[in-house]
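Let's take a walk through this protein and its ligand. Have the viewer open and follow along.

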Amino acid sequence: MATILIVEDEPKMLRLLELNLAEDGYTTLAAADAEDALKLLRREKVDLIVTDLKLPGMNGLEFLQAAKRTNAALPVVVMTAYGTVETAVEAMKAGASDFVLKPFSLEEIKLVVRKELDVHQLREENRDLREALGRRYEFKNIVAHSPRMQEVLATVERVATTNATVLLGGESGVGKDLIARAIHQHSRRASGPFIKINCTAIPENLLESELFGYEKGAFTGAATSKPGKFELADKGSIFLDEIGDVPPAIQVKLLRVLQEREFERLGGTRTLKVDVRLIAATNRDLRAALEDGTFREDLYYRLNVVPISIPPLREHKEDIPYLVDHFVERFVRESGKPITGVTPAAVRVLTDFHWPGNVRELENIIERAVALSTGTVLDVGDIYLDFRPGAMGAVATGAVAASGSAAQSIPFPPDGMTLEQFEDEIIREALRRSAGNKSHAARLLGLSRNALRYRLSKMGVPDEPEA
Ligand SMILES: Nc1ncnc2c1ncn2[C@@H]1O[C@H](COP(=O)(O)OP(=O)(O)OP(=O)(O)O)[C@@H](O)[C@H]1O
Ligand SMILES: [Mg+2]
């Protein structure tokens, strides 16, 4: 069980804390001033400090800094009287992990202690895991300290040197582009071209000629002939982004390129052979598209040779502090602003957020913070998180910001509506947004198709076959 050092000059308070924390099973050490506390710190193994900010002699803030010098990773919870929030903020900047305002309930302090110990333990475990992995995968410009992202990089390294087709999956903004480029850069084709094409951004009638090129006179307006992306990518890699949105007619042609590595330009008769490595990406669940019949099964299996699924940011939060440093460093360099870092409190706000827009959203938030900041460190007040319902596609959020800002509007059931009725409304809205397509609606809601059908049957919506 963890050992907690309590530093408090008020004897009654000290006793109360000792009793209550001991009751929760912690071993406690007590000190009435900073000097004594520092002595104990040098002698004993301490897992967490709870300290008053107002102490006789060396004050709480100085003590905090001294304690952090003995062990920077040691969590320190400060207690401070109501009305001295500024001091609490100072303490957070100096490295306190959390604070409680006096008077507080014993439940409150126990909760904070528990949480800080858990976070601390997670960090330690993480570090151990990383060390156990032995070898760390490092790629330029990719932040990947978490075991989940290390796994992704391990796969990237393993497949990069092969010619295998890679299918990258993951929500918007998780880093599919970044990983696609890394695969190319670490392949034997690195000196060849990397050609990207976004299948959604291009209208169907143009997509075909973009991919395969055309001969003069192939269609009205084709005054000259033009090579397509596949030709341009010869000896290199082609990256087909949003492959899930490729229309069926073009899916057939892609299948042929994948099988035979050959195709004809539009309006051409000559068969062209290319040496291309294909990397595809999608933020849709292609298996659901298979069920819908909107995506060809044979093409899917050709693409899905090496699937790499990149986790959403909320599933590898350990990377957030590193990503924050990475982006701050970059935007400070680009803007020339005199910013030296981010306060622990701000990092915590960023770590607590649920990031519906993933790394891209984090990147944008940091860019904005650096651009608007007038100080030399980014603090909680510089971080503007987007809590709008539906922001980046999230319907409702369970996020709680540590910033305490009241402006966040998480959608709330209107007066008189129960939670269940409200959920039904959200389900109807999803059906409207997806024009009645249940697979699509299920994706919007993060439900499986069967779970959605079950909900709909409970709501009394008839289960009609889809058009
Ligand atoms: N692990 C990471 N380390 C550093 N930067 C990252 C990381 N992951 C993503 N980024 C950055 O976040 C931004 C979004 O990443 P990227 O464009 O690769 O996402 P995506 O999955 O392709 O998104 P979309 O589905 O919207 O196309 C980019 O600027 C990228 O450089
Ligand atoms: Mg992308």
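At the start of helix H3, a side-chain oxygen of asparagine 59 comes to within 2.9 Å of the backbone nitrogen of leucine 61. Keep in mind that this is a predicted model. H3 itself covers residues 60-70, and its buried residues are Gly60, Phe63, Leu64, Ala66, Ala67 and Lys68. Yes, a lysine is in that buried set.

Now zoom out for a moment. The protein has 467 residues, and 46% of them count as buried. They are arranged with 18 helices and 16 strands. If you take the contacts with a separation of 6 or more, 68% of them come from residues 24 or more positions apart. On the outside, the accessible surface is about 23,800 Å², and carbon and sulfur atoms own 52% of it.

Another helix to look at is H6, residues 147-160. Its 14 residues reach 20 Å from the first C-alpha to the last, close to the 20 Å expected at 1.5 Å a residue. Its buried residues include Met149, Val152, Leu153 and Val156, along with the polar-looking pair Gln150 and Thr155.

Next up is the ligand. Which residues are closest to ligand 1? Out of the 19 that surround it, those are Val143, Ser172, Gly173, Lys176 and Glu363. The shell is a mix: seven nonpolar, six polar and six charged residues. Helices H7 (176-185), H13 (320-335) and H15 (358-372) each put at least two residues into that shell.

The polar contacts are worth clicking on. A backbone N or O atom of valine 174 sits 3.3 Å from an oxygen atom of ligand 1, and leucine 178 also uses a backbone N or O atom, at 3.1 Å from a ligand oxygen. Arginine 360 brings in its side chain instead, with an N or O atom 2.9 Å from an oxygen of ligand 1. Taken alone, the ligand exposes 630 Å², and the protein buries 87% of that.

Finally, some backbone geometry. Lysine 102 and proline 103 are joined by a cis peptide bond, with omega about 0°; proline 103 is in the loop between strand S5 (98-102) and helix H5 (106-133). Glutamate 242 has a positive phi, near 55°, without being a glycine, and is found in the loop between strand S10 (237-241) and helix H10 (248-260). Is glutamate 242 buried or exposed? Its relative accessible area is 14%, so glutamate 242 counts as buried. Arginine 261, in the loop between H10 and strand S11 (262-264), also has phi near 55°. With a relative accessible area of 25%, arginine 261 is partly exposed.

Methods: Residues are numbered from 1 along each chain as its sequence is written. Chains are lettered from A and ligands numbered from 1 in the order in which they are written. This is a predicted model: local features need pLDDT of at least 70, side-chain atom pairs count only at pLDDT 80 or more; totals for chains, interfaces and linings use all residues. Side-chain values use heavy atoms; hydrogens and water are left out. Buried means under 20% relative accessible area, exposed over 50%, partly exposed in between (1.4 Å probe, protein chains only). Helices (H or I, at least four residues) and strands (E, at least two) are DSSP runs, numbered from the N terminus. A polar contact is a pair of N or O atoms within 3.5 Å; within protein, one must be able to donate a hydrogen and the other to accept it, and residues adjacent in sequence count only if both atoms are side-chain atoms. A residue is near a molecule or strand if one of its heavy atoms lies within 4 Å of it. Accessible areas come from the Shrake-Rupley method with a 1.4 Å probe; for residues, only the protein chains shown count as cover. Contact means heavy atoms within 4.5 Å. The expected span of a helix is 1.5 Å times one less than its number of residues.
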